[in-house]
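Here are my notes on the model you sent over. I have kept them as short numbered points, so you can follow along with the structure open beside you.

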Amino acid sequence: MQGQSQQQAYDRGITIFSPDGRLYQVEYAREAVKRGTASIGIRAADGVVLAVDKRIRSPLMERSSVEKLHKADDHIGIASAGHVADARQLIDFARRNAQINQLRFGEPIGVETLTKDVTDHIQQYTQIGGARPFGVALIIGGIDADGEPRLFETDPSGTPYEWKALAVGADRGEVRDYLEEHYDEGIDLDEAVGLALSALGSVNDDALRPEAVGLATVGVDDRAYSQLTDDEVEEHLVDLDLLADEDAADGDETTDDDATEE
Amino acid sequence: MQGQSQQQAYDRGITIFSPDGRLYQVEYAREAVKRGTASIGIRAADGVVLAVDKRIRSPLMERSSVEKLHKADDHIGIASAGHVADARQLIDFARRNAQINQLRFGEPIGVETLTKDVTDHIQQYTQIGGARPFGVALIIGGIDADGEPRLFETDPSGTPYEWKALAVGADRGEVRDYLEEHYDEGIDLDEAVGLALSALGSVNDDALRPEAVGLATVGVDDRAYSQLTDDEVEEHLVDLDLLADEDAADGDETTDDDATEE
Amino acid sequence: MQGQSQQQAYDRGITIFSPDGRLYQVEYAREAVKRGTASIGIRAADGVVLAVDKRIRSPLMERSSVEKLHKADDHIGIASAGHVADARQLIDFARRNAQINQLRFGEPIGVETLTKDVTDHIQQYTQIGGARPFGVALIIGGIDADGEPRLFETDPSGTPYEWKALAVGADRGEVRDYLEEHYDEGIDLDEAVGLALSALGSVNDDALRPEAVGLATVGVDDRAYSQLTDDEVEEHLVDLDLLADEDAADGDETTDDDATEE
Amino acid sequence: MQGQSQQQAYDRGITIFSPDGRLYQVEYAREAVKRGTASIGIRAADGVVLAVDKRIRSPLMERSSVEKLHKADDHIGIASAGHVADARQLIDFARRNAQINQLRFGEPIGVETLTKDVTDHIQQYTQIGGARPFGVALIIGGIDADGEPRLFETDPSGTPYEWKALAVGADRGEVRDYLEEHYDEGIDLDEAVGLALSALGSVNDDALRPEAVGLATVGVDDRAYSQLTDDEVEEHLVDLDLLADEDAADGDETTDDDATEE
Amino acid sequence: MQGQSQQQAYDRGITIFSPDGRLYQVEYAREAVKRGTASIGIRAADGVVLAVDKRIRSPLMERSSVEKLHKADDHIGIASAGHVADARQLIDFARRNAQINQLRFGEPIGVETLTKDVTDHIQQYTQIGGARPFGVALIIGGIDADGEPRLFETDPSGTPYEWKALAVGADRGEVRDYLEEHYDEGIDLDEAVGLALSALGSVNDDALRPEAVGLATVGVDDRAYSQLTDDEVEEHLVDLDLLADEDAADGDETTDDDATEE
Amino acid sequence: MQGQSQQQAYDRGITIFSPDGRLYQVEYAREAVKRGTASIGIRAADGVVLAVDKRIRSPLMERSSVEKLHKADDHIGIASAGHVADARQLIDFARRNAQINQLRFGEPIGVETLTKDVTDHIQQYTQIGGARPFGVALIIGGIDADGEPRLFETDPSGTPYEWKALAVGADRGEVRDYLEEHYDEGIDLDEAVGLALSALGSVNDDALRPEAVGLATVGVDDRAYSQLTDDEVEEHLVDLDLLADEDAADGDETTDDDATEE
Amino acid sequence: MQGQSQQQAYDRGITIFSPDGRLYQVEYAREAVKRGTASIGIRAADGVVLAVDKRIRSPLMERSSVEKLHKADDHIGIASAGHVADARQLIDFARRNAQINQLRFGEPIGVETLTKDVTDHIQQYTQIGGARPFGVALIIGGIDADGEPRLFETDPSGTPYEWKALAVGADRGEVRDYLEEHYDEGIDLDEAVGLALSALGSVNDDALRPEAVGLATVGVDDRAYSQLTDDEVEEHLVDLDLLADEDAADGDETTDDDATEE
């Protein structure tokens with residue numbers, strides 16, 4: 001009881017510390033991320049893979065409008081999890097910064113540079129009053145000018161992390177355990193696509209519908225972001241023995257009528 | 001008891017997260033949408049249909065002043081549900097953006113572009129302090145430059161969704177069930193008008209007065225928004241065996257004297 | 001008990017939603033409207049009539065200072081009910097907009113255009129923080145450029161409604177019932193004046209003093225707002241057998257010493 | 001008990017409505033007016049009279065510093081009641097507006113115009129946040145360009161009222177009853193001075209000291225504001241048999257050591 | 001109990017009225033004035049006298065740093081009581097206004113004009129949010145252009161009062177009683193100095209040290225503010241039989257270690 | 001109990017008065033001063049001495065970083081006690097003002113002028129909302145243009161005091177008692193240095209380490225601020241028989257790990 | 001109980017003092033620092049060493065993204081502990097100031113100057129409302145123009161401290177004890193690297209993995225910041241007999257899934 005009311009005292013003020021040095025609003029924003037379906041990023045030797053869970057709440061909804069995979073620049077893709085409307089703001093911010101960098105320096109923005117532009121922007125919303133933090137986590141993956149694949153995470157506190165492979169959103173813990181067990185640094189892009197799908201499958205009864213999965217890659221060779229078609233995804237699923245029955249396709253999984261997290 | 005007082009602690013602050021990562025003010029704004037009468041959008045192969053429930057609270061009120069169908073541009077219509085005064089603000093915003101796009105690029109704005117202009121505007125009211133969210137949902141339907149009919153929803157969180165067919169406002173759940181059961185992607189515009197009316201009828205004892213229904217279409221052929229006359233609606237209702245007795249016409253349904261939701 | 005304290009939690013913040021999607025401050029502003037005496041508007045085939053209850057709290061007060069009838073432009077009149085000082089702000093706003101329209105476009109402002117200018121202004125005070133809503137309702141009546149009589153209501157939420165006949169302020173419900181029973185769309189301006197007076201009489205023991213009533217018309221023929229003199233009103237009252245004794249004239253009805261609603 | 005705590009909930013916020021549509025801060029500002037001593041205004045056929053109670057709290061205080069009668073322009077006087085420092089702000093505002101009108105239009109400002117300039121200014125302090133309402137009521141009396149004497153009241157809500165005769169401040173109710181009983185519209189300026197004094201006397205044991213009364217008139221003939229001397233007041237008091245003993249003169253009546261209302 | 005919590009409800013908000021029309025913050029600021037030692041002003045036929053209690057809290061403190069007498073202009077002096085740092089702000093404000101008046105109009109500022117400049121400034125801090133009232137009272141004394149000695153008080157509400165003789169600060173009531181008993185309007189400047197000292201003595205066991213008293217005069221003849229030296233004060237004290245023993249001089253009276261009121 | 005909760009009601013608002021006319025935030029800022037170690041100022045006939053307690057919390061900390069003695073201008077030094085970061089702001093403010101004075105008037109700033117510049121700056125933080133008061137006290141000592149040594153104190157309320165000798169910070173009361181007993185106005189600078197050290201010693205078991213003491217003087221002859229070296233301090237300590245054992249030197253006294261007051 | 005609720009009253013307001021003169025928000029920000037892993041700074045005769053604990057929460061995370069060592073300028077390095085996103089803001093601020101100094105004065109910024117630029121920036125966030133303090137401590141080490149190695153700490157209050165050797169973050173107390181025992185002012189840079197590692201080891205069971213440690217030095221000879229490679233670190237660990245088994249390397253220590261402190 002006591003702990004509860006004490007906690008309430010601190011989380012009402014947007015940008016203040018609790019006695020143990022935590023920022024509750026930031027931690028609650030992380031809960032908003034967990035309310036969204038999972039997104040996965042994997043770095044291979046020759047590129048990066050982004051995979052997202054595109055479950056929809058009605059068969060009448062267009063899956064393409066479940067925006068979880070975004071092209072930030074020719075050579076950088078972003079996967080999001082959490083509050084959709086907030087994600088759109090950050091994606092727009094990232095795209096503008098990528099364009100400005102191209103205009104100003106005549107070269108594509110670095111993946112780390114873009115990530116830190118975004119996290120610095122996020123941090124402002126955790127320190128200055130008059131606004132709430134962003135309720136979204138991003139996976140930013142791309143290829144640097146030197147041909148290196150890079151994979152970053154931004155979280156609601158505005159901290160940038162670099163990963164070999166990671167998951168954000170619902171079931172984050174389980175998917176990360178799966179990745180830690182199966183990831184190998186030497187894998188190639190194709191194997192990474194397979195790992196991403198089997199990781200997603202591991203928290204979906206090992207059965208996925210191609211249209212309920214979003215997959216994008218940025219390869220080292222062409223430094224180009226590209227999203228896979230449903231057919232390409234299906235091929236992978238067949239190969240991985242993860243293809244679900246058609247029946248599961250309509251009005252799949254989410255039950256919350258008003259969900260704005262994905 | 002405990003849950004209740006805990007909830008109160010979070011919904012007083014406009015733009016902050018609750019411990020489970022929800023934004024109560026946005027969820028309450030969704031309740032404002034549900035207080036409004038239903039609006040329906042259906043995408044056909046050759047156009048989109050918007051249908052609205054125009055019930056009035058007194059026979060002395062002009063039905064034409066129940067503004068739920070709006071022309072945003074020649075090729076885009078919008079149906080709204082929820083807080084009427086808020087809807088007007090968003091419609092004005094959408095119209096201005098459509099005009100600016102025409103002026104700046106010399107071509108009609110895309111349906112998705114317009115939708116995302118609106119949802120980005122809505123999102124600001126959920127993150128920056130000093131204002132409340134918009135208590136309204138919009139259905140934005142139109143024809144893109146490539147001749148594709150498109151149908152979107154904006155909700156109070158500022159998330160854009162694309163649909164084949166959808167309902168917002170009161171009885172949203174029942175109407176959606178009806179649509180899911182009867183919608184077929186191959187239907188033409190005329191069949192879509194019929195489906196919209198029968199869906200509206202399904203939550204009105206299968207009986208509608210022509211003047212209590214608003215109907216608008218945007219066809220692929222002429223890319224032109226047009227509202228149906230009462231006579232045209234009546235013809236459809238007769239065809240569908242949904243025409244109600246004249247008696248039901250006056251002071252129809254709403255009992256709340258001060259309703260500002262429609 | 002529970003309901004009460006819960007309600008208190010939401011109505012203190014100016015511009016936020018309650019869990020059931022209502023804006024309490026707007027609803028309380030409607031109560032301020034009901035604290036004012038009644039105003040009536042009726043649309044006839046050849047014009048509109050505005051009628052107001054001008055009861056005063058002391059025989060020493062000048063009835064002419066009970067400002068409930070306002071000329072907004074040559075062809076548009078406004079009747080108000082509720083918080084008087086707020087009404088003055090909106091009337092000034094309306095007059096300025098009418099003048100600006102004349103200057104900018106060289107033609108009189110449309111009745112609906114003017115109404116929506118006003119309601120959009122009102123809406124801002126319900127969404128942006130730092131101010132309270134307007135505690136007043138307006139009846140805006142006039143003749144459009146095409147000779148059509150139009151009659152609108154603005155309420156504290158900023159919603160515009162068009163009516164054939166309506167009442168705002170105290171006894172709104174009873175007057176509306178009376179109007180619904182006796183109104184006929186074909187009536188001419190003279191009959192509409194009679195209907196307005198008998199409607200007012202219906203909630204005043206069927207007896208009115210000419211000086212306690214304000215009456216104004218805008219006719220289709222001359223498109224000119226004009227207020228009736230006490231003698232003209234008395235003639236109507238005699239015709240309608242509604243003329244009250246002289247005794248009733250002084251310090252008529254209102255008992256609240258500090259009333260600022262009319 | 002319940003009513004009390006409920007009331008507290010609404011009067012802390014400056015500019016919000018209570019559930020029954022009242023603005024508590026405005027009503028409390030009216031209480032501040034009642035804490036001041038009475039001021040009276042009477043309109044005669046040939047001018048207006050302003051009379052104020054100038055009781056002081058110590059014989060060492062200069063009565064002339066009890067500012068309750070103010071010349072706003074050559075042809076307009078103002079009597080105030082309530083919070084003195086607030087009154088000074090409004091008087092300054094009125095004087096500036098009178099001067100601006102003279103400069104801009106080359107003619108003296110109308111009494112009603114000036115009153116409404118002031119009340120519109122007052123209204124702003126009841127709707128926009130960040131300030132409290134004015135705790136003062138003004139009686140504004142003068143002669144219009146057409147030679148008509150006019151007499152207005154401004155109250156803390158910002159509502160303008162026109163009166164034949166009125167009282168504001170302490171004992172307002174009793175003085176008004178006296179005025180309603182004895183006022184006659186045909187009285188001339190001299191009789192109006194007598195009525196004002198006897199009305200003041202009626203709530204002062206029918207005995208007044210000349211120096212404890214302030215009297216000013218604006219006559220129709222010269223359209224000039226002029227204050228009466230103590231000798232002139234004494235003459236009137238002798239005529240009316242209202243002259244008090246000299247003993248009553250020092251440290252007359254007010255006991256509150258820190259009174260800032262007059 | 002009830003009264004207490006009710007009071008708390010109103011004094012937390014800076015600029016709002018209590019239900020009985022009082023401004024608590026202003027009244028608490030008056031308490032800050034009473035926490036300061038007394039200051040006295042007396043108007044004689046040929047000038048004004050300002051006298052202040054200059055008690056210090058340690059013999060190591062320089063009495064000259066107890067700033068309670070200030071020269072505002074050549075012909076105007078100011079004595080203060082209450083919060084010292086606040087007094088400095090108002091004295092600076094007064095000096096700037098006196099200089100501006102001299103520059104703009106080429107003549108010394110009137111005493112009443114200066115006083116009202118100051119009180120209007122003070123009033124702003126009681127009505128506009130975001131700041132607290134000034135916790136200080138001033139006695140402003142000087143000679144007008146027509147040779148008239150004038151003596152004013154400003155209080156935390158921003159009300160100007162004119163006095164023949166007055167006291168502010170601690171023991172204000174007792175000193176005023178003494179002044180009411182002994183003041184005579186015909187006294188000359190020298191007698192006024194004596195009256196001021198004996199009034200100060202009346203609340204100090206009729207014994208004063210010259211260095212613990214500040215005395216300044218502005219005479220009608222030279223219109224020049226001048227402070228008396230300790231020797232001149234001592235002469236007066238000897239004459240009045242009010243001179244205290246030397247022993248009383250060190251670390252005199254104030255016991256509060258952190259007093260910032262004087 | 002009651003007193004406690006009442007107190008809480010007032011100290012949460014930054015700039016408001018309590019019912020007894022106190023400003024709690026200012027008083028709490030004084031507590032922040034007391035949490036710092038002592039600083040002493042003494043005015044001699046031929047200069048001023050500033051002495052500070054430089055205890056450190058670890059032998060690894062550089063004593064020179066314990067900033068309690070500051071050169072404000074060639075002829076003015078400042079000793080601080082309380083919140084270190086706040087002190088830095090005020091020292092910077094003082095230095096800038098000293099430079100501006102030199103630039104603008106071509107002469108060194110007066111000690112009193114500089115002090116009042118600083119206290120007026122401090123006062124603003126106690127009256128205007130949106131910031132807290134400064135938690136620091138300064139001793140400002142120097143030589144005026146006329147060769148007079150001057151010694152001032154600024155406290156968190158923004159009140160300037162002039163002293164012959166004073167102490168601020170921890171043990172302020174005991175040190176002041178010591179100074180009152182031993183101070184003599186005729187002492188020369190060398191004796192003043194001795195008095196400052198023995199006063200510091202009086203609250204340190206009469207034993208001091210040279211490096212734990214900061215000493216600075218401004219002499220009348222050269223009008224130059226100069227800090228004493230550890231060797232010079234040691235000489236004085238030997239002379240005064242106050243030199244402590246070396247053992248006491250490391251990690252001396254402060255136990256609070258996170259102290260930011262000195 | 002009582003102490004607890006009293007404390008809550010003060011820490012909710014961002015920038016106000018508690019009755020005992022503390023700033024709770026600043027103290028809670030210090031707790032945020034303690035939640036981060038330890039950072040160490042040591043000043044040698046010929047340079048400074050910065051050492052940080054780079055533990056990661058998953059073997060999939062890139063250690064290089066654990067940003068705790070930063071190059072501020074060629075000759076200055078910074079180690080941080082606490083809230084990572086906040087640290088980034090301060091590092092950016094420091095870098096900009098270093099560049100500006102170079103541009104403006106044509107020479108490298110002094111270590112103390114840079115430190116105080118940063119602490120003054122931090123202080124603003126503890127006094128001005130509308131933002132929270134920075135939850136981070138920095139160790140700023142470098143070589144001054146005169147060849148002197150300097151080592152500073154900034155804490156959340158904005159106080160600058162100079163140290164010979166220090167630790168911030170978790171286990172700060174234990175590491176400081178270790179440093180106090182083993183530090184010698186005469187040590188050279190190589191010995192200082194050893195001391196830093198053994199100090200880190202002392203709170204890690206005397207076993208460290210090279211990749212879990214960050215090490216940087218700025219030497220007096222080349223005045224150049226340089227980070228050590230994992231191999232160089234390993235060499236040192238072998239020399240010090242501190243090398244841990246490989247097993248300990250993956251997913252080392254932190255268990256908190258959402259840690260943003262390091």
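1. Let us begin with a sheet in chain C of this predicted model. Its five strands run in the order E3-E4-E5-E6-E7, forming an open sheet with antiparallel pairing. Strand E3 (69–73) and strand E7 (160–162) of chain C are at the edges with a single partner strand each, so one side of each has no neighbour in the sheet. Between neighbouring strands the turn is 25° on average, direction ignored. Strands here (E, at least two residues) and helices (H or I, at least four) are DSSP runs numbered from the N terminus, and two strands pair if DSSP finds at least two bridges between them. Angles are taken between axes, which are lines fitted to C-alpha atoms (for helices over the stretch in contact), and run from 0 to 180 degrees between N-to-C directions.

2. Look next at the E7 edge of that sheet. Strand E6 (residues 149–154) of chain C is joined to E7(C) by three bridges, and the two run antiparallel. Across from Phe152(C), in E7(C), you will find Glu162(C).

3. Chain A has an open sheet of five strands too, with the order E8-E1-E2-E9-E10 and antiparallel pairing. Its edges are strand E8 (165–168) and E10 of chain A; each has a single partner strand, so one side of each is left without a neighbour in the sheet. The twist from one strand to the next averages 15°. Four bridges pair strand E1 (residues 39–44) of chain A with E8(A) in the antiparallel sense, and Ser39(A) has Val168(A) as its bridge partner in E8(A).

4. Which residue forms a salt bridge with Lys164(A)? The partner is Glu185(A), with the closest N and O atoms 3.6 Å apart. Lys164(A) lies in the loop between strand E7 (160–162) and E8 of chain A, and Glu185(A) in the loop between helix H5 (172–182) and H6 of chain A, so the pair ties together parts 21 residues apart in sequence. A salt bridge here means a side-chain nitrogen of Lys or Arg within 4 Å of a carboxyl oxygen of Asp or Glu; over all chains the count is 154.

5. A housekeeping point: residues are numbered from 1 along each chain as its sequence is written, while chains are lettered from A and ligands numbered from 1 in the order in which they are written. In this predicted model local features need pLDDT of at least 70, side-chain atom pairs count only at pLDDT 80 or more, and totals for chains, interfaces and linings use all residues, while side-chain values use heavy atoms, leaving out hydrogens and water.
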